[in-house]
Every structure is written in C-alpha cells, then in structure tokens.
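Visitor: I'd like a walk through this one, starting with the overall layout and then a residue or two. Can we take it step by step?

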Amino acid sequence: MYLYSLSLQRATGIVCATYGNFIGGKTQEIVVARGKVLDILRPDDNGKLQTLLSVEVFGAIRSLVQFRLTGSQKDYIVVGSDSGRIVILEYNREKNTLEKVHQETFGKSGCRRIVPGQYLAVDPKGRAVMIGACEKQKLVYVLNRDNAARLTISSPLEAHKSHTIVYSITGVDCGFDNPIFAAIELDYSEADQDSTGQAAAEAQKHLTFYELDLGLNHVVRKWTEPIDNGANLLVTVPGGGDGPSGVLVCAENFVIYKNQNRPDVRAVIPRRTDLPAERGVLIVSAATHKQKNMFFFLLQTEYGDIFKVTLDYDSNDQVTELKIRYFDTIPVTSAMCVLKSGFLFAASEFGNHALYQFQGIGHESDVESSSSTLMETEEGFQPVFFQPRKLKNLVQIDEIESLMPIMDMKVANLFEEETPQLFALCGKGPQSSLRILRPGLAVTEMAVSQLPGVPSAVWTVKRSVNDEFDAYIVVSFVNATLVLSIGETVEEVSDSGFLDTTPSLAVSLLGEDSLMQVHPNGIRHIRADGRINEWKTPGKKTIVRVGCNRMQVVIALSGGELIYFEMDMTGQLMEIEKREMSGDVACLDIAPVPEGRQRSRFLAVGSYDSTIRILSLDPDDCMQILSMQAVSSPPESLLLLEVQASTGGEDGADHPASVFLSAGLQNGVLLRTEVDMVTGSLSDTRTRFLGLRAPKLFSALVRGRRAMLCLSSRPWLGYIHQGHFLLTPLSYETLEYAASFSSDQCAEGVVAVAGDALRVFTIERLGETFNQTVMPLRYTPRKFILHPKNKTLVILESDMGSLTTEERDANKKEAIEAAGGAENGKMYVDDQENGEGEENDDPLPDAQYGYPKSVSTKWVSCIRVLDPKSAETTCLLELQDNEAALSVCTVTFHDKELGTVLAVGTSKDLKFWPRKESTGGFIHIYRFLNEGKTLELVHKTPVDGVPTALCPFQGRLLVGVGQVLRIYDLGKRKLLRKCENKNFPNTIIAIHTYGDRIYVGDLQESFHYVKYRRDENQLYTFADDSCPRWLTASLHIDFDTMAGADKFGNVYFMRLPQDVSEEIEDDPTGGKIKWEQGRLNGAPNKVEEIIQFHVGEVVTSLQKASLIPGGGECVLYGTVMGSVGALLPFASREDVDFFSHLEMHLRQENPPLCGRDHMAFRSAYFPVKDVIDGDLCEQYPTLSADLQRKIADELDRTPGEILKKLEDIRNRII
C-alpha cells in the first residue's frame, strides 16, 4: 500500500508572530509561524487581514524576529527552527516568494536542549542577532552589508555558559554603543551535585547582560544580578535618545525595570478580585509601541488582561516611576503586534485570532498600580485589585478562524448534502466550540429580494466603460424583461430604452457607452443619446444563442446559421459574415477583446453532436474553423477566459497571457482546455465532475482578476490563488444564473437568481478549503460520538480548575453589584444612558474574559446532546461531585428492552500528577428519550480506576480501566462483570472491534490484537507491536490493519501478516497455546509496520471517509495545531513511480525554506515508508518556469502534464 499525503487545511494555530516592512515602503505586514507553515498577512484598506503568502517549510518554526540594517528601507526575517541552522529570509515582491538570504549551520537538527533555535533576539539597530538554546549554548552573529549593499553575516561568536537554563533573551537598546543582549538564566550546577535537594530549592535566577565588542569581535558577560525566581519574560525598553534603555523583567505578580548601575523600579501587577490567593499572575505576551516622543508597552497576563505600562524618567535617563494601568481584556494570546496604522494583531493561544483597532490608549478612570505607591507588609507586597470590563480602548474589526486545537473529529453526512461534513471539537475553556466544516468557500449574503415571477437570467451593465459601478440589473422572465436601476437603493425603471415585453438572451455594454439587448426576434442597440437601432431576424427564424464582447456580437439562429456583427468606427453595429453550421448551435462564446486590440480573434461554438469548434473572427479568414474537439456529451455552456500575463505579483506565478476555454457538458462535467494564441488549436484538456446538473459558466471579478463561476447542482468558483488554479465549491444553495455585480456598497459581488429570488452575495477569504459553522460549548470538549439513527451528537466536556456555570453566574452578579459603588462601575451606567439596548448584554462575556479560576483539583464537566441541524442543545447534564467525563460510546445490550443506550466513563477527583490518580471511577448508563433528544440516567456502576475507553462488543460493553480490559453486561442495578484480562502494560486508551477480534490501543505501547473465546469466556492477546508508541489517535482499517498516531506527530499503519492471520483463524485454540508460552514478555506474534510518516503536528483524530461523490476513500486526520490532512491510497503502480520521482527531484531542486532536510523531517522518528508527500509535490507550480521544465524533462513529461497529474490527484481527495 502506498499513500499520498496532502494537507487540506493548513495549521490555523499561531506559535509566534512578528511584524515589519517586509515589502519595503510604508505598509506593515505581519509574519506568523503556524508550526511548520510561514504566512505573511497584511490588513487591507477595510481592515480585513489578507494572506499574501503561505509557505510550508517542512520543519518546526520555534522563533521569529525581524530586523533592519541601519538606513535600509526593508526588514528581513530571522527564523529559529529545528534544523540546527539560522536562516535569514527576504520577501521578494515581484515573485511573491520568500527567498533565503543566508543559511548558517551550527548544530544538529531536531528540537534539542542544547542546540540553539528556541530563542532569538536582535539588536534594535540591526547589527547583530543572538540565537539561544534552552540550555548552555548561545551564539551571536554579526550582521553587516557589503559594497553592493547585500546583507552579510559573520561566523558565530560563542556566549555559552554550561549548566544554565535560559528562560528568555532580548536585545538591549543602547543606541550605537556596542550591542548588548539580556538573558534570564538559572545556574543548576550545584543542584546537579547536591542529592539532598537543598541546592535545587535555593537555586536563584539571574539577569545577565552579554556585550558584543564590535572592535575585538567577541562576546563578554558584562553584568549579572539576581532577580525574582518567578521571572519569565524580558521586554526591551527603547534607548539611545528615545528612552532610558534597559529591560522590563516580567515576573510572577511584578514588573521590574532593570538596567546596569541603575536602581530597580518595581510595580505590582493588578489582579482580578475573584482570583484565588494561591494563584499568581504571569505575563505571557508583550508588545511595544514606539513613536517619536513617546512609547508604551502592552503586557498580557495568563488570564487575558492587558495592561499598559509606561515609564517616567528624567533628563539623565533615570527611571523615576513605572506605572501599570488596566487597558482591556481579550482572549490569551501567544503573540501581540502593535502596527503603526493603529491596529493590534492578537494571535490567540487557542481559538480565533483577531485584529483590533485602537479607540484610545488608556483611561484615567481605570485601575492603576505604580512603583511609587508600592506598599510592603509583613506578608509581602500589597496587591492591587481590579474588575474586568467591556472593551473600551480596543474594538475588534476582523477575525481569522482557528481550529486549534482539534480535540476530536468525525466525518458524516448528517445534513444529507452532496458531500459529507466534518464535525470537529475545537478550542479550550471559554473558546470551546463545535465546528461543522464543509468543503468550499464561505459566502456572505448581502441582499435577497423576491421577484414577481421565476426569472430565467440576470445581467448587470455599466453606462460607460469608465464607470466604476454597474448602472442596471436586467432580469429576464419567460415573456418579459425587468430593468432595475442601481443607486442608493435598487428600483425598477422604464426609461432605460430596453424592450420589456420580451424575454432577453443577452444584455451588455457595446463600445464606449452604448447598450445592447438581444431578444429572440432581433438585436436592439441603444445609443448613449437615446437613439435606438433595431436589427430584425430574417423570416420566421429566431435567435437561440448569442455570444458578445465589447466590440463583437455573434448570434445563432434556429437551424444553425451564425451571423457575425462588429462595431465600426462610428459606433454602428455592422453585419460582417454569415456561416451555416451543420446543426443547431448548443452554445457559443467570444473571448474578451485583448488590451490595445480592435477585436478578439476566437469564437467558440458548441454543437449538439458533442463537438466544440474554435472559429476565427479575423478579417482574413473570418468564420473559418481553426480547430475542433470532440467531447463526451453535448456542451451546455462555454466560456473563454483570458488569464492576464503576470510576472509574479500577488499570485506568484509566471504566466504568459493565455486563453482558456471552459465548457460545461450536459453530463455535469467541466472541461478546461488551453487555446493556442496563434493557431487557435486546443491542448492540455482537464476534466472534473461538478454535479448532476450541466454547469453554466459565467465570468466574474474576484480581487480585481477575472474568475469563472460554474453553476451546477452547487456553485463553484475557478480562480488563481498564489500561482495555483483552484476550482472550489461555494457553500451556498443551487443557483440558476449569475453575473458579477459592483456598487458602492459592494465593490466585488455576484448577483444571481434562484427560484423566484434575486440574491446579491460576496465571496469571502479565497484560498480556504473549508468554511465553518460554529456552535459554542461550555467547557473544553474531550470526545464526542454521532448517534447514527437520531442524527444527533453527544459531546463530553470537562475543565480542570474551573467553576461551574451556576457559581460563575453568582460571582459575576456579586462582582457587578460590588463594582456599582466603585469607580470601575461607571461603565455599566454609561452603557444604559446611551440606550443602545446594551443593558441585556452580558457585561462580561466568557469567550472574552476566560473563566474565573478555582482550586486546581476541582473539575467541572457536562454531557451535551446537540442537534446539528437546528444547532440547539436538546439536553445538557452537569456532572456533580467533582466527576469528569472521559469516555463515551453507544451500546445495544442483549436484552433489547432499553434499545440503544449511552455509556459514559467518568472519574472522580482526577489528578494527573502523581500519575493519573483518582478516588474512583464510574460508568453511567443513560437511555435516550423523545427520539434521542434527552437522556435519563438508568444506573451508575463504580469501577476501581479510571474508565478511559469504552466500546460495544457483541451485545455487551468492553471497558478499559487502567491496565485492565473488561467485558460488562447490563444488570438491573448496575453493570455486571463477565470477563477480564489484566495483562496490558500501561493504560488502555482505545478499543476497536471487528468480528471476535478486539484491537486495544495502549497509552505507551501501541496496539494489541486480542481474541475473545466465547466458549471459554476468555480474552487473550495474540499479537502486538514491537515498537513502543505513545498513542494519541487510532483507526480500524480492516481485519488485519490498524492506523495510529503518536504524540511525536507520526502517523503509522500496522498489519498482521497474512499467514499469521490465517493460522489464528484456522487454529482450533485460536493461538491460545502459543499465547500461554508468550515471547519476550509480549504476545507470540508481532505486527509489521507498513506505513510510516511524520506529520509534524500531534494528530488527535483519524477518520476514514470519502469527501466527494465518486472520490477515493481516504484517511483524514486532525491535529492539535488545527490542520486537517488526508492520506489517499494510490490506485496504480505507475502513479506511485511518477510521484516518487517528482518528490525526489523536488527534494533536490527545491530544498525547504528553513534549512531542514525534507527526507529527514518526514523521517524524524522512524524512516518514512511508502508515503509520498503531496505538500512538497504541490510546490511544483510555484517554481520558476526554467526549473519546472528541467524537472519535467527528467521525468519525460511536459510541465502541463505534471500540473494535470497534481490537479487530478487533488480532485480525487476533495
């Protein structure tokens, strides 16, 4: 078995982010690292974040920092990854790529303790960069430029200190003096020697300054001083004339300003009033904003509160006061970026990322803590309290959806649509949600209005070529035409010159400023001054089809006669040429007039004899057939689309201008071929099945480029995105007819008709594979199951160290009442005075503020039954007595009186340290009432341990409790034990069954194949894995095969050898004799690993599914970073050969961006086996044209054939 691996949705969580002018110029861009993907984002004029570039680097990005050489206009990006190399990247605007400027090797690959890459710091003047490891090693590289103004990098200078752990490093701003780097370090050399643990308890953190002497070219430890043991983060303070220099040390409960030979200035971080006393407050992310005459810092705590920190200093740069003022509260971030344009980008730790705009930079009325009011008492420093409030200084203007982390995922078609839906449990705590993912682009509906009848077609026209917006929407009915004028509102007009007593076949702009309407009996040409010219059809003939552009019109009369008109210099429509076709014309289209040309050269005609012909419209060989193509079914609709020549730019690929002919056939297939610009011949045909209806094709504008709308049983959009041609469904209902639409309210939209309604919509973020429907949940979701009959979901949610909803509501009420008297209470009154109906709003929504913390041993948990169609929760049971729900399944017991029941495994007082301890576990049995909408407890069975896995088996229930596998049957008062096997190594976390085989997944020891002998009532293991694996997800593939994923980011398949499997099935004892003898303390037989692949992110769920009708069945996986991928088995050996050779050439010609070797990355823990990396193969279209040709020649193909292969295999998955 060979598999093709492809990411369907790239990782959505963000590990680190930085910002700067990477393009050069005034705008600022944000660079974010999503695990192994590097993205460049930019807020557009409307404040929406657009992705300029997204590139897979095949390595783990651990740190990012931006720097600029003095006097330069452009920033570079330094990347610290697991490659053992420092890489400096530059953004190339022309090609829209990131280019490697330097790559310096300093250590082994992999995330190791002493190999640098974890921390990066840069000198604020861009003269040096320090890259540090968690322990011991720190290297400094000097950055400079040569005579040609190219960036140069020195050999590394060492700043190592053995036996030290580093917590944070940063560059100190000291103007143009020697660069200084600051680090928080902890020396553990004494703790290592001392076995009593005394030295470890007394170990002290230090703040150390390292100076790079540019003259002597070496690094010295300049200054070191003990600091709080809670210190975790350093923030650079501006210096060199802009400020006092030095660093802010963020420690538990305090922020301390430190600098060489200057006194410390310390202030306490305000705490929430409802925070338990045992919990400290740590700063998790920081952002600095610097202008000419002022600077401030935004620091965010682990609870999501942002504080604005300012420093007062005198003329000698001596800091006199440090103030911390409450600013706002947003979900906890992993990185914050303050842009010059007044935006704050917040990369959330879990849940959606957001872009905020500043409304203000702090209010006097907010709680403030200052170094001058610091009070010391016997217990320590006096805390300052505050109560969070609504956003006052920030307002959210955009959101990027993030699935991180996917806790569990299932694929099913509960909505009975064409394609199945992915149901994913995402997020954590208050950001938890159930997301329904559908393949396709999200659509925003702007307007829907009912029409007086059922329309057959719709067009939009401008009054003149230079107009920015459309003037009319024209709707055609069976026997009439309706003209709507577009202004502030859309209303019917009758003075437009259009004939409204007849249906229309086409409406368009002709020449500079005249309009044309084609109806069955003729052509109506409406001049700008109101004169109307009519051309009538000869005899009894009627017009059946029409194709037109700005200068040319071709009509087809019944019987198959084509008549060609062209606009002359005076603006008159002149008949040029006629041609008889052999039969009726099914469809026709003219290519748009190329820039700077008088006419378009090509006319495409589709006939009912299943052929498509290209005719010339040149005066020399007018209406002559240039080429012809036979197709599998009569064509219904044709579209000639010119792809503009582009030398890179936003879509990042080099295309010469070319014309593509798309045809929608009656059997639902879309055909796309290239038309040769000179000869008109057709080549490189690609087909794709779109749906059961014949696709109708329309041209639309998307992001200023021509794109293709295909309306089949669902709408599709074909467009170019970052160099790839993508054909993606729109998540919208079936449409009949469409046209592009532009008005001042909606610059780029589509107007369409369906049924008796007229709809206007816009297409949101391009390049996305899935769009999402989000349903919020109460606590962190753990697992869920689909109830196949009732089509409902049962979700388990549980949180540790949190309060129940009732306790939270009571506390919130108290806090608001208490705040009513305090100064912080003003805001609630303000809201009501404005009278905007905000009184009913929750003043502290949980999603924004997080949950109040409780003692760490307290668990809250609930079981939810959710109907995905109506998105409502039909039943929600809160668990009492500190129980947490951990496992769930539906089971039908032998005595059918209860029908299908729900089994839930829970644990009481669960602690993870020391190892998974609890005071007891239970298995709850619930019955489903009123069609599965609500649950009723039947009984609750105590078990001696934590029930981590449940599975139905032959009318009974299999339970994994710790190391024991048990079979239970249903009793009246509780479940009854029937059989058990205690010989599993650690903890059973997954159970699958097939026939009388049971596949047990162990927490640390991979899979065990178990057989149940009914006559002896015995469970015994007959095969296991020779490799210890920490399982995180499992999937049963077939009788002998299991798929699993481990916590290091590997996916693997294992199979029981055929002969062993047959022997066990034939053996009357079922391999029992052998089992009793055993082998190496394990089972007598070992399974073989047949597939091995390193994904690079922890996979949390595996599912088998086919995402498109008629597509191949593949294994889908969801990861902690929020990405979704697929593994598709190859159907033929020649495909395997082709793709493995393509992968081999790409490895050599296009090595990954961050310096990690691709083969080594995919074999990070075990050598990659029989999996071809589709993400690497899909980088082929982004290569330069020469490189594409070179690789194609070595494979004996053309680049077009390779692109077609890549498109075909992608279309088999999604």
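**Layout and two residues**

Guide: Sure. The chain splits into domain 1 (406-442), domain 2 (781-808 + 851-1099) and domain 3 (1114-1212). Keep in mind that this is a predicted model.

Visitor: How many residues of domain 3 are in contact with domain 1?

Guide: Start with the spacing: the C-alpha centres of domain 1 and domain 3 are separated by 27 Å. The two domains do touch, with domain 1 putting in 5 residues. On the domain 3 side, the number in contact is 8.

Visitor: What radius of gyration does the chain have, and what would a compact globule have?

Guide: The C-alpha atoms fill a box of roughly 110 × 90 × 70 Å along the principal axes. For 1214 residues, a compact globule would come out near 33 Å. The chain agrees with that, at 34 Å.

Visitor: How many helices and strands does the chain have?

Guide: Contacts first: of those between residues at least 6 apart in sequence, 56% join residues at least 24 apart. As for burial, 57% of the 1214 residues count as buried. The secondary structure comes to 12 helices and 94 strands.

Visitor: How far apart do the centres of the positive and negative side chains lie?

Guide: The accessible surface is about 49,000 Å², and 48% of it belongs to carbon and sulfur atoms. On the charge side, the chain carries 125 positive and 163 negative side chains. The centres of those two sets lie apart by 3 Å.

Visitor: Is glutamine 9 buried or exposed?

Guide: Glutamine 9 sits in strand S1 (residues 3-9). Leaving out neighbours within four places in sequence, its contacts are Leu403, Thr769, Phe770, Gly1122, Ser1123 and Val1124. The cut-off for burial is under 20% relative accessible area. Glutamine 9 has 12%, so it counts as buried.

Visitor: And cysteine 111, buried or exposed?

Guide: Look in the loop between strand S9 (97-105) and strand S10 (119-122), where cysteine 111 has its place. To count as exposed, a residue needs over 50% relative accessible area. Cysteine 111 has 53%, so the call is exposed.

Visitor: Which residues does cysteine 111 touch, not counting those up to four places away in sequence?

Guide: One residue to look at on the way is glycine 84, 27 residues from cysteine 111 in sequence and 8.5 Å from it in space, C-alpha to C-alpha. To count as a contact, heavy atoms must be within 4.5 Å. For cysteine 111, the residues touched are Arg62 and Asp82.

Terms used
Residues numbered from 1 in each chain as written. Predicted model: local features only at pLDDT ≥ 70, side-chain atom pairs only at ≥ 80, totals over all residues. Heavy atoms only, no water. Helix = DSSP H or I, 4+ residues; strand = E, 2+ residues; numbered from the N terminus. Rg over C-alpha atoms; globule rule 2.2 N^0.38 Å. Buried < 20%, exposed > 50% of the residue type's maximum accessible area, 1.4 Å probe, protein only. Areas by Shrake-Rupley, 256 points an atom, 1.4 Å probe, with all protein chains shown as cover. Lys, Arg positive; Asp, Glu negative; His and termini not counted. Charge placed at Lys NZ, Arg CZ, Asp CG, Glu CD. Domains from an automatic or database assignment.
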